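Thank you all for coming. I would like to take a few minutes to walk through one model, and I will keep to what can be read from its coordinates and its database entry.

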Amino acid sequence: MTAILIDGAAEASTVHKQVAAAVGVLDEPPGLATVLVGDDPASAIYVRNKRKRCIEVGMRDLHRHLPVDVSQIQAAEVLDELAADSRVTGILLQLPLPPHLDAAALIDRIPAHKDVDGLTEASAGRLTLGRPGLRPCTPAGILALLDSIGTSLAGAHAVVVGRSNLVGKPVAQMLLQRDCTVTVCHSRTRNLADVCREADVLVAAAGVPGLIGADFVKSGATVIDVGIHRTANGLCGDVNGAVRAVAGVLTPVPGGVGPMTIAMLLRNTADAGTLR
């Protein structure tokens with residue numbers, strides 16, 4: 001068996017076209033305010049890509065670049081200004097922040113209806129309670145990929161490896177709301193490989209290169225690799241290459257989950273104007 005690879009770039013392109021069509025009929029285009037603090041090269045690349053896609057689908061690019069030594073009060077004032085700006089539909093504070101800033105406190109200054117990253121306490125609460133709201137982009141992209149290949153989720157056993165606020169916890173909640181039986185694993189999980197082998201759908205979001213080997217995967221399982229790591233041999237994910245011989249369906253790295261994260265950011269920004 002050789003796993004079928006999910007083309008995340010193709011699915012992301014479909015979402016981009018859908019968002020562009022929705023934006024094109026609006027009287028006023030949505031506006032995405034990305035906020036970058038400092039000059040971290042990786043963060044700068046991520047923000048540049050987000051801004052580029054934003055413009056491509058017809059949205060306003062309302063980017064703000066703050067100096068690395070910006071104070072907590074100054075950063076909060078910028079976020080408050082964007083929150084009050086009617087042109088701004090969505091606000092995205094690029095993480096990580098410099099260590100002198102309290103990221104959680106700044107994120108929670110973003111109104112829930114402009115929280116296109118889905119990271120505020122209010123957004124997390126809406127997700128947990130199953131109420132309408134903006135969902136974190138990577139988990140939303142994972143669900144969209146599973147839907148794109150017709151994965152039957154109701155009654156499936158989903159195992160999520162990782163419990164971060166960015167991916168692990170929210171994707172577990174979203175899978176639960178789709179009637180999966182969900183197991184969340186982490187660094188203290190005993191017999192991790194045995195638990196993972198029970199999964200019909202395995203989401204690898206541990207942030208450990210090559211953690212998931214062929215012995216972690218049930219034959220024919222759907223495996224979603226969220227990890228992305230730069231190594232001397234190029235980019236790799238949390239899933240070892242040997243998994244291709246066991247899994248039924250697999251997301252590649254790169255070209256799997258990554259493109260969907262920005263696609264769902266655009267969708268969230270387009271949807272944000274309808275939420276209060």
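**Cysteines, sheet and cores**

Let me begin with the cysteines: the structure holds zero disulfides, a disulfide being a pair of cysteine sulfur atoms within 2.5 Å. Cysteine 180 is in no disulfide, and the nearest cysteine sulfur, which belongs to cysteine 185, is 14 Å away. Before going further I should say that this is a predicted model, in which local features need pLDDT of at least 70 and side-chain atom pairs count only at pLDDT 80 or more, while totals for chains, interfaces and linings use all residues. Residues are numbered from 1 along each chain as its sequence is written, and side-chain values use heavy atoms, with hydrogens and water left out.

Why does cysteine 196 not bond to cysteine 185? The sulfur of cysteine 196 is 5.0 Å from that of cysteine 185, the closest cysteine sulfur, and this is too far for a bond. Cysteine 196 counts as buried, at 1% relative accessibility, and cysteine 180 is also buried, with a relative accessible area of 5%; here buried means under 20% relative accessible area, exposed means over 50%, and partly exposed lies in between, using a 1.4 Å probe and protein chains only.

Turning to the sheet, six strands form an open sheet in the order E1-E12-E9-E8-E6-E7, with parallel pairing. Strands (E, at least two residues) and helices (H or I, at least four) are DSSP runs numbered from the N terminus, and two strands pair if DSSP finds at least two bridges between them. At the edges are strand E1, residues 4-5, and strand E7, residues 181-185, each of which pairs on one side only.

Within this sheet, E6 and E7 pair in the parallel sense over five bridges, and valine 160 stands opposite valine 184 in E7. Strand E8, residues 201-204, is joined by four bridges to strand E9, residues 222-225, and the two run parallel, with leucine 202 opposite valine 223 in E9.

How many of the five residues of E6 are buried? Five of the five are, so E6 is largely enclosed by the rest of the structure. Both faces of E6 are covered, with His157, Val159 and Val161 buried on one side and Ala158 and Val160 buried on the other.

Part of the surroundings of this strand is helix H7, residues 168-177, which lies across strand E6 (157-161), E7 and E8 and runs at about 175° to E6; the axes are lines fitted to C-alpha atoms, for helices over the stretch in contact, and angles run from 0 to 180 degrees between N-to-C directions. The buried residues of H7 are Gly168, Pro170, Val171, Ala172, Met174 and Leu175, and they pack against helix H5 (121-129), H6, E6, E7 and E8. After H7 comes aspartate 179, whose phi is positive, near 70°.

That brings me to the nonpolar cores, each a set of buried Ala, Val, Leu, Ile, Met, Phe, Trp, Tyr and Cys residues joined through side-chain atoms within 4.5 Å. The largest has 43 residues, and those with the most contacts inside it are Ile142, Leu175, Val203 and Ile224. Two or more residues come to this core from each of helix H1 (8-24), helix H6 (137-148), E6, H7, E8 and helix H9 (257-272). A second, separate core of 20 residues includes Cys185, Leu202, Val246 and Leu250.

Let me close with alanine 205, found in the loop between E8 and E9 and buried, with a relative accessible area of 15%. Leaving aside residues up to four places away in sequence, alanine 205 touches Val161, Gly162, Val167, Val226 and Asp238, contact meaning heavy atoms within 4.5 Å. Alanine 205 and glycine 227 are 22 residues apart in sequence, and their C-alpha atoms are 5.8 Å apart in space.

As for annotation, UniProt places the feature "domain: Tetrahydrofolate dehydrogenase/cyclohydrolase NAD(P)-binding", from an unreviewed entry, at residues 136-272; annotations of this kind may be inferred rather than shown by experiment, feature names are shortened, and positions are given in the numbering used here. In the model, the end C-alpha atoms of residues 136-272 lie 13 Å apart, and the span is 31% helix and 19% strand.
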